[in-house]
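Please open the model in your viewer and keep the sequence panel beside it. The tour below moves from one selection to the next and says what is found at each stop.

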Amino acid sequence: AAQIARSEKEAGAGNWDKAVAALNEALAVSPGDESILERIASTKERQKKERLDAILAKADQAEKSNRWDAAIAALNEYLFLQPDDAAIQKRLTDLIAAKHAAWLNAITTRADQAVSYQNWDDALAIVNEVLAIEPGNTEIKSKAEKIFAAKRVAELNAMLKRVEQAVQAGRWD
């Protein structure tokens, strides 16, 4: 009874290993006692649940601050302990997709900034980074084509401007 009481106290404080150790001592005194075996199983299950809840809290916090890798690592840790949780497996899949989308949005933003400064080579280099990793990405291929077309239009406009300036200056050659 003293060991069981000590176990309850330790479990209440979150000292799961000490709680199980106290129950194991009680089991040594009273081998085969089903109530002690049930308490050990219950204590281990509570410990596991608390750990899983802590992992999910860590994943939630990381996800809210867009720390994708930390959130993905936390969910992988959860699935290591509870591999058959379909909801967490789906959440992990969705999180990986969100990380990918955020990465593509950042690339698109960088490319758009380069285009706004008419930094054509930088813009093309940025989208080519993605195409080197994901050669079949149609969205980025389309972006690359638009950048190339905008570059050609800018070059043609620059040529026309130089022609206009030459005509105004009477430099016909």
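**A tour of the helices**

In this predicted model, begin by selecting H4 and H5, which pack at an angle of about 165 degrees with their axes 10 Å apart. Because angles over 145 degrees count as roughly antiparallel, H4 is roughly antiparallel to H5. The crossing of H4 and H5 is left-handed. To display the interface itself, show Trp68, Asp69, Ala71, Ile72, Leu75, Asn76, Tyr78 and Leu79 on the H4 side, which meet Ile88, Gln89, Arg91, Leu92, Leu95, Ile96, Ala98, Lys99 and Ala102 of H5.

Next, keep H5 alone, residues 86-116, and follow its length: at 1.5 Å a residue its 31 residues should span 45 Å, and the end C-alpha atoms, 44 Å apart, agree with that. At the N-terminal end of H5, select Asp85, which caps the helix through a side-chain oxygen lying 3.1 Å from the backbone nitrogen of Ala87. Just after H5, Gln118 takes a positive phi of about 55 degrees.

Which residues of H5 are buried? Colour Ile88, Leu92, Leu95, Leu104, Ile107, Thr108, Ala111 and Ala114, which are the buried residues of this helix. These buried residues pack against helix H3 (34-64), helix H4 (68-81), helix H6 (120-133) and helix H7 (138-169).

From there, move to helix H2 (residues 16-29) and H3, whose axes come within 10 Å and cross at roughly 170 degrees. That angle makes H2 roughly antiparallel to H3. The residues in contact include Trp16, Val20, Leu23 and Leu27 from H2, and Ile36, Leu37, Ile40 and Thr43 from H3.

Now select Lys151 in helix H7. Is this lysine, Lys151, buried or exposed? Lys151 counts as buried, since its relative accessibility is 17% and the cut-off for buried is under 20%. Its side chain is joined to that of Asp121 by a polar contact of 3.4 Å. With neighbours within four places in sequence left aside, Lys151 is in contact with Trp120, Asp121 and Leu124.

For the last stop, select Lys9, which lies in helix H1 (residues 2-12). Lys9 is exposed, with a relative accessible area of 63%. Draw a distance from the C-alpha atom of Lys9 to that of Ile133, and the viewer should show a separation of 55 Å between two residues that are 124 residues apart along the chain.

Methods: Residues numbered from 1 in each chain as written. Predicted model: local features only at pLDDT ≥ 70, side-chain atom pairs only at ≥ 80, totals over all residues. Heavy atoms only, no water. Helix = DSSP H or I, 4+ residues; strand = E, 2+ residues; numbered from the N terminus. Expected span 1.5 Å × (residues − 1). Buried < 20%, exposed > 50% of the residue type's maximum accessible area, 1.4 Å probe, protein only. Contact = heavy atoms within 4.5 Å. Polar contact = N/O pair within 3.5 Å; in protein donor to acceptor, adjacent residues only side chain to side chain. Axes fitted to C-alpha atoms, helices over the stretch in contact; angles between N-to-C directions. Parallel < 35°, antiparallel > 145°, perpendicular 65-115°, else oblique. Left-handed = near helix turned anticlockwise from the far one by under 90°.
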